[in-house]
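Q: I am new to this structure and would like a close look at a single part of it, the sheet, with whatever packs on it. Please take me through it step by step.

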Amino acid sequence: MRTIAFYSLKGGVGKTAAAVNIAYLASQAGYSTLLWDLDPQGASSWYLAGADKIKGHKLSQLLKGKTPIAEFIHESDYENLDFIPSHTSFRNLDVKLDQEDGSNLIKQWLAPLSEETSLVILDCPPSLSRLSEQVLKAADEVFVPVIPTWLSLNSWKQLAEFAKDKKLKPGKLHPFYSMADRRKGLHRELINAQDEILPKGLKTIIPNASVVEKMGEEGTPVQLLAPSSVAADAYRRLWKEINRML
C-alpha cells in the first residue's frame with residue numbers, strides 16, 4: 001500500500017480539487033483507492049458523495065480504538081474508489097495528537113487497510129501542526145499545490161523549512177503550479193521561471209478554470225464533468241507524473 005498526501009499551508013490553492021481528481025484517475029487506472037478527508041471543512045467528502053450529506057464518525061471513536069478504521073469507510077459512486085468522510089470533530093485532531101506518546105497515529109490507523117487498499121490519498125487541512133508532521137511522515141509522497149504568486153511560493157518555502165526542521169525527507173515534497181491564470185502578468189512571469197523557482201517541482205500546471213469550480217455544484221470529478229477540457233487534460237498529466245512515483 002502506498003500513501004500520498006495533498007497538502008498546503010495556504011487554503012484556496014486547489015488542493016482538494018487535485019486530491020479528488022487524482023483519486024478518481026487512480027481508481028480508474030486500477031488502483032484500489034481510498035481518499036481520507038482530514039479537513040474538517042469536508043470538501044472532499046462533498047465531492048465524492050455526489051454533493052449529498054454524508055455523516056462521518058466522530059474522531060473519539062477512532063482515538064479510543066473502539067471502532068476499527070474500516071467502519072469509517074464509505075463507498076463512492078466510482079469503482080475502486082472509497083473515502084473516509086470528514087467530521088467536524090476532526091478540528092480537534094491536533095489537540096488529541098499532542099496528547100499522545102509520539103506514535104504516528106495516522107500511520108497506525110492506516111496499517112490494517114494494506115491488504116485491500118493499494119493507494120491511500122490524504123486530503124489535509126491547511127496548517128502547520130502535529131497533524132502536518134504526522135502526515136508528512138506517514139506519506140510516501142506529498143504533493144503541494146502552489147499558485148503562481150509570491151505569497152503562495154512563500155508558503156511553499158515555509159513548508160519546506162518545516163520539513164527540514166522536523167528532519168523529514170525533503171525529496172518527498174513535490175510542489176506544482178495550481179490555479180494558474182496566464183492572463184495575469186505575475187502568473188506568466190513565475191510560470192516562465194518555473195525551472196528556476198521550483199526546480200524539483202512537477203511540470204504539470206493546473207489552470208484556474210470554471211469547470212473546476214463547478215465540481216462543488218455537481219459533486220463530480222472534472223473527468224466526468226468535462227473530459228475534453230483543458231483542466232481535465234491537466235489532471236490526467238498530473239496523474240501520469242504521480243503514477244510514475246508509485
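A: What follows describes the sheet and a helix that packs on it, and then turns to another helix.

The model is predicted, so local features need pLDDT of at least 70 and side-chain atom pairs count only at pLDDT 80 or more, while totals for chains, interfaces and linings use all residues. Residues are numbered from 1 along each chain as its sequence is written, and side-chain values use heavy atoms, with hydrogens and water left out.

Seven strands make up an open sheet of mixed pairing, in the order β3-β4-β2-β5-β1-β6-β7; strands are DSSP runs of E with at least two residues, helices are runs of H or I with at least four, and both are numbered from the N terminus, while two strands pair if DSSP finds at least two bridges between them. At the edges lie β3 (74-75) and β7 (173-177), each of which pairs on one side only. Strands β2 (residues 33-37) and β4 (residues 81-84) run parallel and are joined by four bridges, with Thr33 standing opposite Leu81 in β4. Helix α7 (residues 150-165) packs on the sheet, where it touches β6 (141-146) and β7, a contact being heavy atoms within 4.5 Å. The direction of α7 makes about 175° with that of β7, where axes are lines fitted to C-alpha atoms, for helices over the stretch in contact, and angles run from 0 to 180 degrees between N-to-C directions.

Helix α6 (residues 130-138) is largely enclosed by the rest of the structure, because seven of its nine residues are buried, that is, under 20% relative accessible area with a 1.4 Å probe and protein chains only. Among these buried residues are Leu131, Glu133 and Val135.

How values were computed
Buried means under 20% relative accessible area, exposed over 50%, partly exposed in between (1.4 Å probe, protein chains only).
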